[in-house]
Amino acid sequence: MIRFLTSAKSKAQFPETEKEVVFVGRSNVGKSSLINCLYKKDLAYVGKTPGKTRLINFFDINGEYTAVDVPGYGYARRSQKEAIEFADMMDDYFSRKEKIRLVVMITDARIGLTNDDEDMKEYLDSHELPYIIVGNKIDKLSNNQLMNNKHKFYKDKENVAFVSAEKRKNIDQVENRIRKAIG
Ligand SMILES: Nc1nc2c(ncn2[C@@H]2O[C@H](COP(=O)(O)OP(=O)(O)OP(=O)(O)O)[C@@H](O)[C@H]2O)c(=O)[nH]1
Ligand SMILES: [Mg+2]
């Protein structure tokens, strides 16, 4: 059974879990959509306006692991206070490193990695967090455009899955990576 566990914004509120797979990415790249697509359920809120997911949401996946939906980065926070709170919340989350089996970093395949994405990648590398990169929204690209973007925007090809959360394309590639990471 797949079920929502809790929303949290600070360490004290995070649930007791063993293994987590966390979905990160800029606002609006389709984190919540990919989660819904992977788990075939409307678990996470999908929105038209960026910045919809404000808290960290935890979902229990068949008692096997916990899927985690975090708010998007690169979204213009309303105030400096809000930006600091967001950074603290993310640091709190990633400090529970031993639980995190895989970070799924979602990007827009039409755009590739932005500066924010590169910063996130650096953060993951420096904290030695295991991750894969997903290029989402490939339904918006022709085969030719996709081929070009793969070469232009994505260097570490083995570590990238090009998918469409909306059209359910190549989702099995992400599933396989998650399965491997969970063991
Ligand atoms: N064409 C297309 N649109 C998509 C795809 N995945 C998501 N979208 C759309 O992109 C928008 C944002 O999707 P969300 O899943 O809410 O994105 P998010 O990353 O969770 O956004 P925040 O919670 O705001 O950070 C929605 O309008 C989705 O319908 C996709 O594969 N293809
Ligand atoms: Mg979301």
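Two strands count as paired if DSSP finds at least two bridges between them. Helices (H or I, at least four residues) and strands (E, at least two) are DSSP runs, numbered from the N terminus. What you have above is a predicted model, where local features need pLDDT of at least 70, side-chain atom pairs count only at pLDDT 80 or more, and totals for chains, interfaces and linings use all residues. Residues are numbered from 1 along each chain as its sequence is written, while chains are lettered from A and ligands numbered from 1 in the order in which they are written.

**Exercise 1. Lay out the sheet.**

Task: work out the order in which the 7 strands form an open sheet.

Solution.
- Start with the inventory: the protein chain has 5 helices and 7 strands.
- Along the sequence they follow the pattern β-β-α-β-β-α-β-α-β-α-β-α.
- In the sheet, though, the order is β1-β3-β4-β2-β5-β6-β7, with mixed pairing.
- Now look at the edges. β1 (2-8) and β7 each have a single partner strand, so one side of each has no neighbour in the sheet.
- From one strand to the next, the twist averages 25° (axes are lines fitted to C-alpha atoms, for helices over the stretch in contact, and angles run from 0 to 180 degrees between N-to-C directions).

**Exercise 2. Find where the pairing is parallel and where it is antiparallel.**

Task: take β3, β4, β2 and β5, and say in which sense they pair.

Solution.
- β3 and β4 are antiparallel, over 5 bridges. Phe59, for example, has Ala67 in β4 as its bridge partner.
- β2 and β4 are parallel, over 4 bridges.
- β2 and β5 also run parallel, joined by 6 bridges.
- Val22 shows both β2 pairings: it stands opposite Val68 in β4 and opposite Val103 in β5.

**Exercise 3. Check how well β2 is covered.**

Task: which residues of β2 are buried on each side?

Solution.
- First, the yardstick: a residue is buried if 20 or more other C-beta atoms lie within 10 Å of its own, exposed if 12 or fewer, and partly exposed in between, with C-beta atoms placed from the backbone.
- A handy rule is that side chains in a regular strand alternate between the two faces of the sheet.
- On one side of β2 sit Glu20, Val22 and Val24; on the other are Val21, Phe23 and Gly25.
- They are all buried, which gives 6 of 6 for this strand.

**Exercise 4. Track down the core.**

Task: which residues have the most contacts inside the largest nonpolar core, and which elements feed it?

Solution.
- A nonpolar core is a set of buried Ala, Val, Leu, Ile, Met, Phe, Trp, Tyr and Cys residues joined through C-beta atoms within 7 Å.
- The largest one here has 36 residues, and Phe23, Val104, Met105 and Val134 have the most contacts inside it.
- Two or more residues come from each of β2 (20-25), α1 (31-39), β3 (56-61), β4 (65-69), β5 (100-108), β6 (131-136) and β7 (160-162).
- β5 gives the largest share, 6 residues.
- Zoom in on Val104: leaving aside neighbours within four places in sequence, this residue is in contact (C-beta atoms, placed from the backbone, within 7 Å) with Val21, Phe23, Ile132, Val134 and Val174.

**Exercise 5. See how helices meet the sheet.**

Task: what do the buried residues of α1 pack against, and which strands does α5 touch?

Solution.
- In α1 the buried residues are Lys31, Ser32, Leu34, Ile35, Cys37 and Leu38.
- They pack against β2, β4, β5, β6 and α5 (171-182).
- As for α5, that helix packs on the sheet and touches β2, β4, β5, β6 and β7. Its direction makes about 160° with that of β5.

**Exercise 6. Visit some loops.**

Task: is Asp42 buried or exposed, and where do Asn28 and Arg168 lie?

Solution.
- Asp42 is in the loop between α1 and β3. With 10 other C-beta atoms within 10 Å, Asp42 is exposed.
- Asn28 belongs to the loop between β2 and α1. Asn28 is not a glycine, yet its phi is positive, about 80°.
- Arg168 lies in the loop between β7 and α5, and its phi is also positive, near 60°.
- Asn28 has 19 other C-beta atoms within 10 Å and is partly exposed; Arg168, with 13 C-beta neighbours inside 10 Å, counts as partly exposed too.

How values were computed
Two residues are in contact if their C-beta atoms, placed from the backbone, lie within 7 Å.
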